[in-house]
Amino acid sequence: MRIAILKETRDGETRVAASPETIKKLTAAGHQIVIETGAGDQASSPDRLFVEAGAEIAADAKATLKGADLLLKVRRPSAAELKLVPKGAGVVAFWSPHSDKALIEAAAKAGVVALSMEFTPRITRAQAMDALSSQANLAGYRAVIEGAALYGRGFPMMMTAAGTVAAAKCFVMGAGVAGLQAIATARRLGAIVTSTDVRPAAKEQVASLGAKFIAVEDEEFKAAETAAGYAKPMSAEYQAKQAILVCEHIAKQDVVITTALIPGRPAPVLVTPEMVAAMKPGSVIIDLAVEQGGNCPLSKADELVVTENGVTIAGFANLPGRLAADSSALYAKNLLNLLPLLTDADTKGFAPHFDDDIIQGMLLTRDGAVVHPSLTAA
């Protein structure tokens, strides 16, 4: 295959869909890799390293995509880039399909085989391809680092001759991949950590990391997880009970990290303006869900909001991008692990295994039509 890697054009996107390590493996397998110049500059992978690994460097997107069988990206292609993709070629990226259905329709009309990394099935066989998890893991870590930087005091308890510095209290809302990594990182930094989640299985995971679990554990809570491992939307009654518990708890916290996301839906509101008003001056909220509306209505994408009572709310829209070298390396490995399901075993050409459960779960468009059930449902 001729595999194209474009320079990401979305504002603030520092990642790239390849690493020198994966380029070596792809070229060793007989594939031709063409990378747009400068694609890896912000991820500590200049053109020189890609060339040494066996890739070709092209001057622009048009030259990169000429004759391509497969395009690998971090973010979905722009409308202009999509026009340059050859008919019948595959495009693998984080498409965020529910936020721009018109682009998915355009991809179908262009004859592109679009696969969305968000829809990688949560099954054992697909774990090595699960880019949502690889990126969320780094996002959870970085959220704590950003929170510690914005918080005007130390995280661990420190005893000195001049007195004792109390440990920071860190509350992690949502104990998925990002939340669990945030818990682990905050614990490493010496904070007193508590966490909440609507999934019953999260309680044991939170406890295993040394944090205290906070939740209303009623009958609805016991059935609050989908078969795919995601949190179910909770009833208004449960949300009200949980809000009372959280409001009392959050007022005592120094750093709050929110990580709750439901695929294809706006982010649930976890921290209301009333809760923020009850927090202490100097406390910090890091909202990982800001791109989908935010877990706190006061958060703004890529902005620091300081409230009247002195709470700093940070809405970093791309936390993995703040660790571009590592997040790119992990994402590139996810793509490398996916490639056998897109390749003919004999010819090594582009031939998606359309009968495979993983490909079926990820497939957005095929043969000129939008095919993913979540996009075709009335």
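**Exercise 1. Is D302 buried or exposed, and at what relative accessibility?** Place the residue and describe its backbone.

*Solution.* Start with the ground rules. This is a predicted model, in which local features need pLDDT of at least 70 and side-chain atom pairs count only at pLDDT 80 or more, while totals for chains, interfaces and linings use all residues. Residues are numbered from 1 along each chain as its sequence is written, and side-chain values use heavy atoms, with hydrogens and water left out.

Step 1: accessibility. D302 counts as exposed, at 55% relative accessibility. Buried means under 20% relative accessible area, exposed over 50%, and partly exposed in between, with a 1.4 Å probe and protein chains only.

Step 2: location. D302 sits in the loop between β13 (284–287) and β14 (304–306). Strands (E, at least two residues) and helices (H or I, at least four) are DSSP runs, numbered from the N terminus.

Step 3: backbone. Phi of D302 is positive, near 55 degrees, and the residue is not a glycine. Most residues other than glycine have a negative phi.

**Exercise 2. Where does S44 lie?** Treat S44 in the way used for D302.

*Solution.* Step 1: S44 belongs to the loop between β2 (32–36) and α2 (47–53).

Step 2: its relative accessibility is 54%, so S44 is exposed.

Step 3: its phi is near 60 degrees, a positive value in a residue other than glycine.

**Exercise 3. Which residues of helix α5 are buried?** Work out the helix's two faces and its end.

*Solution.* Step 1: α5 covers residues 101–109, and L103, I104, A107 and A108 are buried there. These residues lie on the same side of α5, because they cover an arc of only 145 degrees around the axis. The arc is that of the directions from the helix axis to the C-beta atoms.

Step 2: recall the helix repeat. An α-helix has 3.6 residues a turn, so residues three or four places apart point the same way.

Step 3: the other face. Exposed residues A102 and K109 are on the face of α5 turned away from its buried side.

Step 4: the cover. The buried residues of α5 are covered by elements including α4 (79–82), β16 (363–366), β17 (369–370) and α14 (373–376).

Step 5: the end. G111 follows α5, and its phi is positive, near 75 degrees.

**Exercise 4. What separation do the C-alpha atoms of A332 and T22 have?** Describe both residues and their surroundings.

*Solution.* Step 1: the C-alpha atoms of A332 and T22 are separated by 6.5 Å, although the residues are 310 apart along the chain.

Step 2: T22 is in helix α1 (residues 20–28). A332 is in helix α12 (residues 324–338).

Step 3: T22 has a relative accessible area of 3%, so it is buried. A332 is buried as well, at 2%.

Step 4: contacts (heavy atoms within 4.5 Å). Neighbours up to four places away in sequence are not counted. T22 then touches A332, K333 and L336. A332 is in contact with A17, A18, S19 and T22.

**Exercise 5. At what angle do α1 and α12 pack?** Classify the pair and list its contact.

*Solution.* Step 1: the angle is about 20 degrees, and the axes are 9 Å apart. Axes are lines fitted to C-alpha atoms, for helices over the stretch in contact, and angles run from 0 to 180 degrees between N-to-C directions.

Step 2: α1 and α12 are therefore roughly parallel. Angles under 35 degrees count as roughly parallel, over 145 as roughly antiparallel, 65 to 115 as roughly perpendicular and the rest as oblique.

Step 3: the crossing of α1 and α12 is left-handed, that is, the near helix is turned anticlockwise from the far one by less than a right angle, whereas clockwise gives right-handed.

Step 4: E21, T22, K25 and L26 of α1 meet A332, K333 and L336 of α12.

**Exercise 6. How do the axes of α6 and α12 cross?** Give the geometry and the contact residues.

*Solution.* Step 1: the axes of α6 (residues 131–150) and α12 come within 9 Å and cross at roughly 165 degrees.

Step 2: the two helices are therefore roughly antiparallel.

Step 3: their crossing is right-handed. A131, S134, Q135 and L138 of α6 make the contact with D326, S327, L330, Y331 and N334 of α12.
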